Each structure stands twice: as structure tokens, then as C-alpha cells.
Amino acid sequence: LLDDPWEQLSDVWWLVLLFWFLGRQVLDVRASCWAALLYAAFPIALSAFWFGIYANLFANGVVLLVAAALVLTWQGRLSASPLPWIPLFALLFLAHFGTVILWGPVLLVWGGLLYRRGGFVQRQRLRWLFLSGVAGLILVTVLYYSYFSDFFAGMGAALGMALDEGSGDVG
């Protein structure tokens, strides 16, 4: 399954670097080294390469880039202006549909924790980022996901019917 682990690791070096960077910005040097080491050491980090799931890898990379940019913005090193953030959040939501489902709540909880921890200026930045994220999601929904609204409606109806049939068996 694993031909050359060093070759696989060379493909994810930038993800390892982003884990280190995030740990360094949010916690300390030791935490950042542990985060990078654990990401590189556990097979789940490389398994997407083994199975050729490059869309997931791209999505994870985009999530880490957005997380790093969020930390830098919270610290005041990047601007919270919506102009660069709306396309970045749109890219995040377009990277893979699973990112909307899995990482959306994580980013909201993380943003809420930073909001609670921050001062007035940091909270103002997070408000702008949240509004930019909502605008990016609306932009992606209108320009891309709206083309699949019939599919989503059909899947929702099928799920609803399956749940109704399942509840009849219990009673």
C-alpha cells in the first residue's frame, strides 16, 4: 500500500508546515511541533495519497490555509476587509462539499471561542470574517450549488420517506 513513505511525505510537507504554523500561532513551540509530528506520523495524513483522494487533500489544504489566515487576522497581521475574504471563503466551500458539512461547524465553534477570548478589536475582526464567510457561502450557493437544488431536494425527500418508513416499524 505504501510504496515510498518519504515520497508521500514530500507531497504533504506544506500541510505539516501549516499544522506547525497554526500550533505556533495559537499555543506554543512545543504544541506546534507535536501537531506537525502527529500529522506526519499517523497514516491518516497520507492515506488520501494512497487512495488518490486528491479532492479531499485539496479541501484539507484550503481549510488549513483559511485557519492560518483566520489566526493571522485575529492577531491583527492580516486585514479583516471582506474583499479578499469573500472569495477565500467561497473557495473553501467549493473545495469539497464535505468541507461545508464537516469544517463549517468546526470553524464556527473555533471562531466563537476566539470571539469569547478576544478584546473589542479582535471581536470586530471576527464579526467581519463571519459576515464574509456568510457572503462567500451565499455566493457559492447562488453561483454553483443552486444548479443541484433538484438533486438535494430529491435526496431530502428520499431521506424523509426512509425515516417515516423506519418510524412506522417502531410503533
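Select Tyr-144 in this predicted model. Tyr-144 is partly exposed, with a relative accessible area of 40%. Now add Tyr-145. That residue is buried, at a relative accessible area of 11%. Show both rings. The ring centres of Tyr-144 and Tyr-145 are 5.1 Å apart and the planes stand at 70°, so this pair is edge-to-face. A search of the whole structure turns up four aromatic pairs.

**The α6 rings**

Go to Phe-89 and Phe-93 next. Both are in helix α6, four residues apart, which is about one turn of the helix. Their rings form a stacked pair, 6.5 Å centre to centre with 20° between the planes. Are these two residues buried or exposed? Phe-89 has a relative accessible area of 7%, so Phe-89 is buried. Phe-93 has 10% relative accessibility and also counts as buried; the cut-off for buried is under 20%.

Add Trp-85 to the selection. Ring pairs link Trp-85, Phe-89 and Phe-93 into a cluster.

Keep Phe-89 and show its surroundings. Leaving aside neighbours within four places in sequence, Phe-89 is in contact with Val-66, Leu-70, Leu-129, Ser-132, Gly-133 and Gly-136.

**The largest core**

Which residues touch the most other members of the largest nonpolar core? Select Val-66, Leu-70, Trp-85, Phe-89 and Leu-92: these are the ones, in a core of 19 residues. Now colour by helix. Two or more core residues come from each of α5 (54–74), α6 (82–95), α7 (97–117) and α8 (120–143). The most come from α5, which gives seven residues. A second core lies apart from this one. It has eleven residues, including Leu-15, Leu-22, Ala-67 and Ala-68. As a general background, nonpolar side chains in soluble globular proteins tend to be buried together.

**Where α5 meets α8**

Hide everything but α5 and α8. How do they pack, and at what angle? The angle is about 145°, and the axes are 9 Å apart. Show side chains at the contact. From α5, pick Leu-70, Thr-73 and Trp-74. From α8, pick Gln-122, Arg-125, Leu-126 and Leu-129. By class, the contact has four nonpolar, two polar and one charged residues. Two names here have come up before: Leu-70 and Leu-129 are both among the contacts of Phe-89.

**A charge over a ring**

Select Arg-123 and Tyr-115. The charged end of Arg-123 sits over the Tyr-115 ring, 5.1 Å from the ring centre.

**A stop at α3**

Move to Leu-37, in helix α3 (residues 29–41). Is Leu-37 buried or partly exposed? Its relative accessible area is 47%, so Leu-37 is partly exposed. Add Leu-17 and draw a distance between the C-alpha atoms. Leu-37 and Leu-17 are 9.9 Å apart in space, C-alpha to C-alpha, and 20 residues apart in sequence.

**The whole chain**

Zoom out and show the cartoon. The chain has nine helices and zero strands. Read along the sequence, the pattern is α-α-α-α-α-α-α-α-α. Colour by burial: 30% of the 171 residues count as buried. Finish with the contact map. Among contacts between residues at least 6 apart in sequence, 70% join residues at least 24 apart.

Terms used. Residues numbered from 1 in each chain as written. Predicted model: local features only at pLDDT ≥ 70, side-chain atom pairs only at ≥ 80, totals over all residues. Heavy atoms only, no water. Core = buried A, V, L, I, M, F, W, Y, C linked by side-chain atoms within 4.5 Å. Buried < 20%, exposed > 50% of the residue type's maximum accessible area, 1.4 Å probe, protein only. Contact = heavy atoms within 4.5 Å. Axes fitted to C-alpha atoms, helices over the stretch in contact; angles between N-to-C directions. Nonpolar A, V, L, I, M, F, W, Y, C, P; charged D, E, K, R; others polar. Phe/Tyr/Trp six-rings, centres within 6.5 Å; stacked < 30°, edge-to-face > 60°. Lys NZ or Arg CZ within 6 Å of the ring centre and 35° of its normal.
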